[in-house]
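Morning, everyone. I'll keep this short and walk through one model, a few spots at a time. Have a look at it first, and then we'll get going.

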Amino acid sequence: MEQCTSVEREVDKVLQKFLTYGQHFEQSLEELLHCVGRLRAELARAALQGTSLSATLSSVMSQCCQKIRDAVQKLASDHKDIHGSVSRVGKAIDRNFDSEICGVVSDAVWDSQEKQQQTLQLAIVEHLYQQGMLSVAEELCQESTLNVDLDFKQPFLELNRILEALHRHDLGPALEWAVSHRQPLLELNSSLEFKLHRLHFIHLLAGGPDKQLEALSYARHFQPFARLHQRDIQVMMGSLVYLRLGLEKSPYCHLLDNSHWAEICETFTRDACSLLGLSVESPLSVSFASGCVALPMLMNIKAVIEQRQCTGVWSHKDELPIEIELGMKCWFHSVFACPILRQQTSESNPPIKLLCGHVISQDALNKLVNGGKLKCPYCPVEQNPADGKRIIF
Ligand SMILES: [Zn+2]
């Protein structure tokens, strides 16, 4: 944001200069036109009288010509001054933004342009579905002739239907979903169903003494959660004492807090996504956020590579030339870096467990093989390279 403001400041300066220049230009032109017009009238009068050009008129004429020359020169030099300001805008953009971002992306990452387009479109569509922007996603599918089958859409549609209901403070669809997925949710250690029942109970309590009986009878829903959420259930039962006085004036007023609704939406999204095998954040937003973190470092490494003229370093399709720390939030799965080549293993260069138990990468293994035999670089056990087994994390 700061970068945008500093560029905008320069643009404003240029616009102001253009405005002043325009006004000055108009004014000078007007004055000159006036001067020339007067001269022309006098010349016409002299011609009419048939007299020769007087010395006065001749000097007025040359004065007028000089005036025009001066004015044109002044306008030209003023115009040149503006060039300086315009180029300052360009410099401000260069200073504040990295212009060569595309340079850190290799086209070789994609098998074909068609594949690239399709992958990106699918990522955008998935993101839109995940954000609940269903109509926009549908529109994009239609316009890009992307074929997204119903199986792909279904989980997002269901998730959004339930979330929308939760936003309206309607617990029905979420409860129905939680009850039908009770077992897998419990295996996930999820407290979603309990939290939904608790919200419904609190909703009844907010209804005052009239709802007391209904609330008490609803409390039986807590029975399966008695062991796990004993303390929460005790708090809710305790609040019943204050029903007549009004919960909002009691020490239990925190139960009515609106933050419980935001929390339930979050819990539902997290648990439902993990149950349906979806990520809470769309792959597009995760990639974008990681890209923002990694980009400055990638730009630096690119500059270093160019400076030292070692362009071959960054040739791997699915691997960056350096390790970039993205923070715990972006840790999704285990990775293995070969202790010999110090390279992260990949699909084409997988980790291999040797007979002695040490693990190195396939590339390192290939390099270490000598005369059909392999000597482990850690415990010098000699073995047959074919005995190494691929490890899958
Ligand atoms: Zn070994």
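Let me start with Arg390. Leaving out residues up to four places away in sequence, Arg390 touches Glu347, Pro350, Pro351 and Ile352. Before I go on: this is a predicted model, so please hear everything with that in mind. Arg390 sits in strand β5, which covers residues 389–390, and with 43% relative accessibility Arg390 counts as partly exposed. If you want a feel for the span of this thing, go from Arg390 to His34: they are 356 residues apart in sequence, and C-alpha to C-alpha they are 91 Å apart in space.

Now the zinc. Which residues coordinate the zinc ion? Three cysteines and a histidine: Cys356, Cys376 and Cys379 through SG, and His358 through ND1, at 2.1 to 2.3 Å. The angles among the four donor atoms run from 105 to 116 degrees, and the site is tetrahedral. In sequence, the donor residues are spaced C-x1-H-x17-C-x2-C. Take Cys356 and Cys379 as a pair, and you see distant parts of the chain being linked: Cys356 is in the loop between β1 (351–353) and β2 (359–361), Cys379 is in the loop between β3 (374–375) and β4 (382–383), and the two are 23 residues apart. Neither is hidden away completely. Cys356 counts as partly exposed at 28% relative accessibility, and Cys379 is partly exposed too, at 21%.

What does the record say here? UniProt, in an unreviewed entry, lists residues 338–379 as "zinc finger region: RING-Gid-type". In the model, that stretch is 17% helix and 19% strand, with its end C-alpha atoms 16 Å apart. There's also a separate second core of eight residues, which includes Leu354, Ile360, Leu374 and Cys376. You'll recognise Cys376 from the zinc site.

One backbone oddity while we're in this region. Arg342 isn't a glycine, yet its phi is positive, near 55 degrees. Arg342 is in the loop between α12 (283–307) and β1, and at 72% relative accessibility it counts as exposed.

Okay, over to the helical part. The same unreviewed UniProt entry type gives us "domain: CTLH" for residues 155–212. In the model those residues are 76% helix and 0% strand, and the end C-alpha atoms are 38 Å apart.

So where's the main packing? The largest nonpolar core has 46 residues, and the ones touching the most other members are Leu166, Leu192, Leu196, Phe201, Ile264 and Phe268. The elements giving two or more residues to this core are α3 (113–130), α4 (134–143), α5 (150–167), α6 (172–180), α8, α9, α10 and α11 (259–276). Which helix gives the largest share? That would be α8, with eight residues.

Let's pick out a couple of residues around there. Leu192, setting aside neighbours within four places in sequence, is in contact with Trp177, Ala178, Leu185, Ile264, Thr267, Phe268 and Asp271. Then there's Lys195 in helix α8. Is Lys195 buried or exposed? It's a lysine that counts as buried, at 18% relative accessibility, because the cut-off for buried is under 20%. With residues up to four places away left out, Lys195 touches Glu263, Ile264 and Thr267. Ile264 and Thr267 are on the Leu192 contact list as well.

Next, the aromatics. There are six aromatic pairs in total. The one I'd like you to zoom in on is Phe201 with Phe222, an edge-to-face pair at 5.4 Å centre to centre and 70 degrees between the planes. Phe201 is in helix α8 (residues 192–206), while Phe222 is in the loop between α9 (212–218) and α10 (230–239), so the pair ties together parts that are 21 residues apart in sequence. Both rings belong to buried residues: Phe201 has 0% relative accessibility and Phe222 has a relative accessible area of 2%. Put Phe194 and Phe225 with them and you have one aromatic cluster of Phe194, Phe201, Phe222 and Phe225.

Last stop, Asn189. This is another non-glycine with a positive phi, about 65 degrees. Asn189 is in the loop between α7 (182–187) and α8, and it's exposed, with a relative accessible area of 66%.

That's my tour. Happy to go back to any of these spots on the screen.

Methods:
Residues are numbered from 1 along each chain as its sequence is written. This is a predicted model: local features need pLDDT of at least 70, side-chain atom pairs count only at pLDDT 80 or more; totals for chains, interfaces and linings use all residues. Side-chain values use heavy atoms; hydrogens and water are left out. Rings of Phe, Tyr and Trp (its six-membered ring) pair if their centres lie within 6.5 Å; planes under 30 degrees apart count as stacked, over 60 as edge-to-face and the rest as tilted. Helices (H or I, at least four residues) and strands (E, at least two) are DSSP runs, numbered from the N terminus. Buried means under 20% relative accessible area, exposed over 50%, partly exposed in between (1.4 Å probe, protein chains only). Donors are N, O and S atoms within 2.8 Å of the metal (3.2 Å for Na, K and Ca); water is not among the atoms, so sites may look incomplete. Four donors count as tetrahedral if all angles lie between 85 and 135 degrees; four count as square planar and six as octahedral if opposite donors are over 155 degrees apart and all others between 65 and 115; anything else is irregular. A nonpolar core is a set of buried Ala, Val, Leu, Ile, Met, Phe, Trp, Tyr and Cys residues joined through side-chain atoms within 4.5 Å. Contact means heavy atoms within 4.5 Å. UniProt positions are given in the numbering used here, feature names are shortened, and annotations may be inferred rather than shown by experiment.
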